[in-house]
Amino acid sequence: MNAITCLLISHAFVFAAQTDYIPADSWMMQSSAATEATGETLSVPGADAADWYVVSVPKTVLAGLVDNGVYDDPYYGLNLKNIPGYQDGLWLTQKEDSPFRDPWWYRVEFDLPRDVAERVFTLHFEGINYEANIWLNGTKIADRETVIGMFRRFEFPVTDSLRYGERNALAVEIIPPGLLPEPEQRTKQIEATTGWDDHNPQPPDLNMGIWQPVYLREQGPISIRHPYVETDLDVPGLEQARLTVSAWLRNNTDAEVAGIFSGAIEGRAFSQPVALAPGETREVFFEPDAFTMLVVDNPRVWWPHPVGPQEMYALELTVDVDDAVSDTAAVEFGIRHVATYINDDDWRGYQINGRNILIRGGAWMTIDMMLNLDEGLYEALVRHAREARFNMLRSEGFSIRELKPFYNLCDQYGVMVTQQIFGRNLEDEALAIACIEDMMLRIRNHPSLVHFLGHDETFPTETLDAAYQELIEKHRINRSYQPHSGTFNIATRDKTGGTRTGTRELWTYAGPSHYHLIEERKHDTAWGFAQSGGIGGILAARDSIRQMMPEEKLWPVADNETWSFHTVLQGIEYFDAIFRMMERKYGAPTDFDDFCDKLYAMNYNSARGMYEAYARHKYEALGITTWKYNTAWPAALTWQYVDWYKRASAAYYGAKKACAPVHVLYGYDDASIHVVNSFYYPFSDLEVTYAVYDLDGAKVSEDSATVSVAADGRTRVAEVEAPDGISDPWFLKLDLHSNAGVHLSENVYWFSHTPDIPGRTRRDDNVFAIEPKAVADFTALRSLPEVAMDISMSEGVGQDEKTYSVTVANPTEHIAFMVEMALVDAETQRELAPVYWSDNFLVLFPGQGRTLTAVAPAVETAPKLRVQGFNIEKQVQ
């Protein structure tokens, strides 16, 4: 095997032979412009690095410099603009005077014990950006012609280059992306590196550096690579699964080697003899026809949350040579069957374990602009998705090809994943294909992975399209594929793969009724499948906004450079439509908190309306992965349901309300009440109560109905119209109880006598504008008297995290509108994060109370409860 051949290693499992000889926290980093040393001299133990920066790896260059105090916090205020090499807008080529155009060096020294000299060692780079020359102990072992591409892993045989019982030195010269000339045609991606589309500013170093771990792996004459379990599950009965186990075995010697290859899955043991020619790599199979223990009756099946449990199995593999362990590997996998289909209207739908499933989720992007890929942030984001009953995240194509923490958490929490392959076509198609083959082998064991999406809003070239499909077939990945995420014109869906993208209006502002109106405007409502779309700008938690900018920059929002910088790449003008709608619907805001209160009400209402429209119209509506779920840096107003500080937005809680598995909702298209059921079993004799209130908090009417709902079904209950003479606005409260009296769902709506009716769109001096036919008037909500809530909180229960019981009650004769609760630090009064609330942003009628739960990280001093809102007196207790 050529010493610089890239060998692929899966993130989906842990090698017993992965070592910690190379320390992660003792690397040093310096610009090549600041040293005349060569790789040959830098890779010698004791090389002079006195003026270098000490960093941990993984770490990009910019992140390392920030850690060393060279630059102020890039996430705060306008600091990022002060870093050399920064450019406004979307850019792909570095400035000529940027310090990040030069190569940067990373080096580390490490010791190896003498007693491992008889073993075989390989050196692994899990991710570099963008090219690298690599030296070990004075010898160049790889060059930039081979080590290129952010989304590949590299493995090098280094047994003969290591020094046993001595000090070793490794030096890596990183050549950045962004050195190609500016493209002649407009595009968003020209290299196999991460990008940010219009999500957030580009980091000035374009994420150059060693962004994933570097380690030595110890093995014997035969190595194991790419363990894989293919699952063939009987559907829809789920009575039996047939498993095929495989792995690539490699002979690390120049002689023929024989061994015993064995595996076990929870007590089901199997083995076979193997013989490999000198240097041979071969895929070896255990198939159920020959190994009957791989036929599993009544298997434990993996389901997405909340329709079933997330059952996982563990595979352990060993290869023995001469009665000694040569190598081991382990992988977790799930048994499930996933498929997609194209319906009679040319839309794509999803099936899990033989059942149709309505998709409601969001587009996922790289979690951090500087690639500080904190597992706590991964945990908070994916867990929040589960808590909201989001059942899919679409990993978008300008981001990194997602990693083990993300996929493991999606497996654990039952969140399905559509993996986008690239954002745009690359000129170096061979490199693109190599990156994608690496990704597919790395993630194919994860049951959460259900579908591949080719490119974002564009078609792959014929070569790339064919290559993607061939890789899926070659590696038996058993997931569906479509080439294109969808266009703005839904008539093209039969060519793109059965989905549509969003529209400028949906990325700017969409009201709560918009997605319900499928008869009036099919092109951008809850009909078919939307890979994108959304409700427009979503406001971050108010404490998050305070954390990302100086207090004096919080208000006013208009003509505010700091605010604009912390929105989207186009600036705050992009969301002009939502500000105009705020003024027309709720009135002009008077200060920062008033601005937050009004936009939170809009965000909550719109997000709930969008996701409920898909449930209301399933399976005419097949699903949406809204644009988007998370963001890579502190954004005050952007497309986000959970912000960079791990705090959930008001839109998040509106979406969580809508995605309750057994739920009562209002259909804006025909003023109807519906009960929807996401479970695969029916409910009978459910009691629906619907009550109408006026603005003064008086109950005007109340009715009830007993209904049943089929498995994965929906039932129309009644129509509700505004009673004659009622206030404007007025309220509708819906409650759903089981036949045993268990409260399953509560929902409160506010309506104007003037309904929202979407209209046409236009541009005014490059600012997007909407011209609705009618706009709901909620300005009278400003007349609601201030309400002081009765609040209490129990002591937290638990160790690493605490569960609190929170009671909030409205003791007044007035409506308490958009009651926002937060657990805050006892000293700073800043909201803790992450906190998983059972519900939030409540509407409470006179005399009504609610008891909620909040799960929060354990802190030394017990947190306090803060309550505030639209007409709520702020209290901290």
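**Entry 1: strand β35 and Tyr-690**

Strands here are DSSP runs of E of at least two residues, numbered from the N terminus. With that in hand I looked up Tyr-690 and found it in strand β35, which covers residues 683-693. I am working with a predicted model, so I keep that in mind throughout.

Is Tyr-690 buried or exposed? Its relative accessible area is 14%, and the cut-off for buried is under 20%, so Tyr-690 counts as buried. I then listed what Tyr-690 touches, not counting residues up to four places away in sequence: Ile-673, Ser-701, Glu-702, Asp-703, Ser-704, Ala-718, Val-720, Leu-732, Lys-733 and Leu-734. I also checked a distance from Tyr-690 to Asp-323: they are 367 residues apart in sequence and 73 Å apart in space, C-alpha to C-alpha.

**Entry 2: Ser-752**

Next I went to Ser-752, which sits in the loop between β39 (743-751) and β40 (760-764). Ser-752 has 11% relative accessibility and so counts as buried. I wanted to know which partners its side chain has. One is the side chain of Asp-728, in a polar contact of 3.4 Å. Another is the backbone nitrogen of Asp-777, which lies 3.1 Å from a polar atom of the Ser-752 side chain. Setting aside residues up to four places away in sequence, Ser-752 touches Asp-728, Ala-776, Asp-777 and Phe-778.

**Entry 3: Arg-616**

I found Arg-616 in helix α12, residues 592-616. Its relative accessible area is 8%, so I noted Arg-616 as buried. Which side chain does Arg-616 meet in a polar contact of 3.2 Å? I traced that contact to the side chain of His-674. Beyond neighbours within four places in sequence, Arg-616 is in contact with several residues, among them His-516, Leu-665, Asp-669, Asp-670, His-674 and Arg-714.

**Entry 4: Asp-205 and Leu-371**

I took these two as a pair of loop residues to look up. Asp-205 is in the loop between β10 (167-175) and β11 (209-210), and Leu-371 is in the loop between β24 (359-364) and α3 (375-387). Asp-205 has 0% relative accessibility and therefore counts as buried. Leu-371 has 7% and is buried by that measure.

For Asp-205 I noted that a polar atom of its side chain lies 2.9 Å from the backbone nitrogen of Asn-207. Outside its neighbours within four places in sequence, Asp-205 is in contact with Thr-60, Val-61, Leu-62, Gln-94 and Phe-100. Asp-205 and Arg-101 are 104 residues apart in sequence, and their C-alpha atoms are 8.0 Å apart.

For Leu-371 I listed contacts under that sequence filter: Thr-60, Met-150, Trp-196, Asn-207, Trp-211, Thr-366 and Ile-400. Thr-60 turns up in the list for Leu-371 and in the list for Asp-205. How far apart are Leu-371 and Leu-62 in sequence and in space? I get 309 residues in sequence and 9.8 Å, C-alpha to C-alpha.

**Entry 5: aromatic rings**

I counted ring pairs and got 56 aromatic pairs. I opened the pair of Tyr-574 and Trp-639, which is edge-to-face, at 5.7 Å centre to centre and 90° between the planes. Tyr-574 is in the loop between α10 (561-565) and α11 (576-585), and Trp-639 is in the loop between β32 (637-638) and α13 (650-658), so the pair ties together parts that are 65 residues apart in sequence. Tyr-574 and Trp-639 are buried.

I then looked at Trp-644 and Tyr-645: their ring centres are 5.2 Å apart and their planes are at 80°, so this pair is edge-to-face. Trp-644 is buried at 18% relative accessible area, and Tyr-645 is buried at 14%. I also found one aromatic cluster formed by Trp-364, Tyr-378, Phe-390, Phe-406, Tyr-407, Tyr-611, Tyr-629 and Tyr-641.

**Entry 6: helix α13**

How many of the nine residues of α13 are buried? Nine of the nine are, so α13 is largely enclosed by the rest of the structure. The buried residues include Tyr-652, Tyr-653, Lys-656 and Lys-657.

**Entry 7: the largest pocket**

I finished with the largest pocket, which holds about 850 Å³ of space. Its lining has 31 residues, and the closest to its centre are Arg-186, Lys-188, Asp-197, Asp-198 and Gln-570. I sorted the lining by class and got eleven nonpolar, seven polar and 13 charged residues.

Key. Residues are numbered from 1 along each chain as its sequence is written. This is a predicted model: local features need pLDDT of at least 70, side-chain atom pairs count only at pLDDT 80 or more; totals for chains, interfaces and linings use all residues. Side-chain values use heavy atoms; hydrogens and water are left out. Helices (H or I, at least four residues) and strands (E, at least two) are DSSP runs, numbered from the N terminus. Buried means under 20% relative accessible area, exposed over 50%, partly exposed in between (1.4 Å probe, protein chains only). A polar contact is a pair of N or O atoms within 3.5 Å; within protein, one must be able to donate a hydrogen and the other to accept it, and residues adjacent in sequence count only if both atoms are side-chain atoms. Contact means heavy atoms within 4.5 Å. On a 1 Å grid over the protein atoms alone, a cavity is a set of points where a 1.4 Å probe fits but cannot get out, and a pocket is an open set with protein on both sides within 12 Å along at least five of seven lines; lining residues have an atom within 4 Å of a point. Grid points are joined across faces, edges and corners, and a volume is the space filled by probe spheres set on the points. Ala, Val, Leu, Ile, Met, Phe, Trp, Tyr, Cys and Pro count as nonpolar, Asp, Glu, Lys and Arg as charged, and the others, Gly among them, as polar. Rings of Phe, Tyr and Trp (its six-membered ring) pair if their centres lie within 6.5 Å; planes under 30 degrees apart count as stacked, over 60 as edge-to-face and the rest as tilted.
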